[in-house]
Structure formats: C-alpha cells, structure tokens
Amino acid sequence: MNPTVGIAVFLTVLQATHCQMIKDLSACLLGQSLRVDCRYENKTSNPLTYEFSITKDNRKHVIHSTISVSENAYRGRANVTMHKNLVCLYLQSFTTSDEGVYMCELKATNDYTGNQIRNITVIKDKLEKCAGFSLLIQNTSWLLLLLLSLPLLQAVDFVSL
C-alpha cells in the first residue's frame, strides 16, 4: 500500500471514531443567570473533560474548566452541572459586560482525535428565558412515557363520566 494512502485512510478512521461530538450549543436566561447548554453525543464510557470560555475584545477568558485554570473573575459566579449527554454552564449575575462569544470545548479521555469545540454569540437583550422542563426532556424516556400515558388518561376521564 502506498504510504500516503495508508496515512489518509488512518486519518479518516480517526476522524470517524470521535468519542464525543457536540450536537448543539444554546444559551438562555434563568432568572438573573446565564445558562449555556452544551449537548453532545458520547460514544465511550471514558471520562469527559470540558472548558467553557468567552471571547471578549479578542481575548479568551476561561470561565469554568476541567482542562485548564478558570479566571478569578468567574470563579465565584460560575458552576457546571453534567447530565446524560449535557454539560450546563451557569453564570450568576449575568450582565451586558458578560456578552461575547461563548465556547464549549469537550474532550474524552484517550480520545486522540482532538477536542470538540462549538461557539455561540450571547447578547443579553436577545436571549430567551429558559424553558422550565428542558432538562426533563433530555432523557427521552420521560417524553415517551408521557406520550404513551395520554390515551390511558383520556380513557380514565371517559370512564368516570
């Protein structure tokens, strides 16, 4: 096999075997806090590392991270929660000075294909309020259970009449 072709095939296989892939990055207001949801597809049980940062004035500021050190300005205001296929950044006391391009970076341990990165521009006046039940529908079994229960609920109402 030609060495150039072998390298190309190897790189193609590496690209196809990403351990995680960021599917969606969204932002919303939850009271006075900013919530940034980084949804991903995980294809491994390896531990996941993350970094949330913001670019303002052409400078990157790390907000919360397991990859590098967070900046002091955000340490008391930021926290992260992890759910199945979802990493959420909460930034308390969100103001217009916190506007900028937010970045979610994910990397699975032993994933040698590189980090997955997604950006979103956040402007306070253009943010929507967070939906109250958005975390419940992350696990599709809740939604499926609800949909399957609707005919039963309708039947109970009909019988009681």
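The following exercises, with worked solutions, concern burial, contacts and salt bridges in a predicted model.

**Exercise 1.** Determine in which strand Ser33 lies, whether Ser33 is buried or exposed, and which residues Ser33 touches beyond four places away in sequence.

*Solution.*
Step 1. Ser33 is placed in strand E2, which covers residues 33-42.
Step 2. The relative accessible area of Ser33 is 16%. Buried means under 20%, so Ser33 is buried.
Step 3. Leaving aside residues up to four places away in sequence, Ser33 touches Cys28, Leu91, Gln92, Ser93 and Phe94.

**Exercise 2.** State how many salt bridges are counted, then analyse the one between Asp24 and Arg39.

*Solution.*
Step 1. The count comes to 5 salt bridges.
Step 2. In one of these, the side chains of Asp24 and Arg39 meet, at 3.4 Å from N to O.
Step 3. Asp24 belongs to strand E1 (residues 20-30) and Arg39 to strand E2, so this pair ties together parts that are 15 residues apart in sequence.
Step 4. Asp24 has a relative accessible area of 32% and is partly exposed, whereas Arg39, with 18%, is buried.

**Exercise 3.** Identify the salt bridge between Arg39 and Asp37, and the network that includes Arg39 and Asp37.

*Solution.*
Step 1. The side chains of Arg39 and Asp37 meet in a salt bridge of 3.6 Å, N to O.
Step 2. Asp37 has a relative accessible area of 2% and is buried; Arg39 is buried as well, with 18%.
Step 3. Salt bridges link Asp24, Arg35, Asp37 and Arg39 in a network.

**Exercise 4.** Explain which parts of the chain the salt bridge between Asp98 and Arg77 ties together, and classify Asp98 and Arg77 by accessibility.

*Solution.*
Step 1. The side chains of Asp98 and Arg77 meet in a salt bridge, with an N to O distance of 2.6 Å.
Step 2. Asp98 lies in the loop between strand E6 (86-91) and strand E7 (100-108), and Arg77 in the loop between helix H2 (72-75) and strand E5 (78-83). The pair therefore ties together parts that are 21 residues apart in sequence.
Step 3. Asp98 counts as buried, at 3% relative accessibility.
Step 4. Arg77 has a relative accessible area of 22%. Partly exposed residues fall between the limits of 20% and 50%, so Arg77 is partly exposed.

Key: Residues are numbered from 1 along each chain as its sequence is written. This is a predicted model: local features need pLDDT of at least 70, side-chain atom pairs count only at pLDDT 80 or more; totals for chains, interfaces and linings use all residues. Side-chain values use heavy atoms; hydrogens and water are left out. Helices (H or I, at least four residues) and strands (E, at least two) are DSSP runs, numbered from the N terminus. Buried means under 20% relative accessible area, exposed over 50%, partly exposed in between (1.4 Å probe, protein chains only). Contact means heavy atoms within 4.5 Å. A salt bridge is a side-chain nitrogen of Lys or Arg within 4 Å of a carboxyl oxygen of Asp or Glu.
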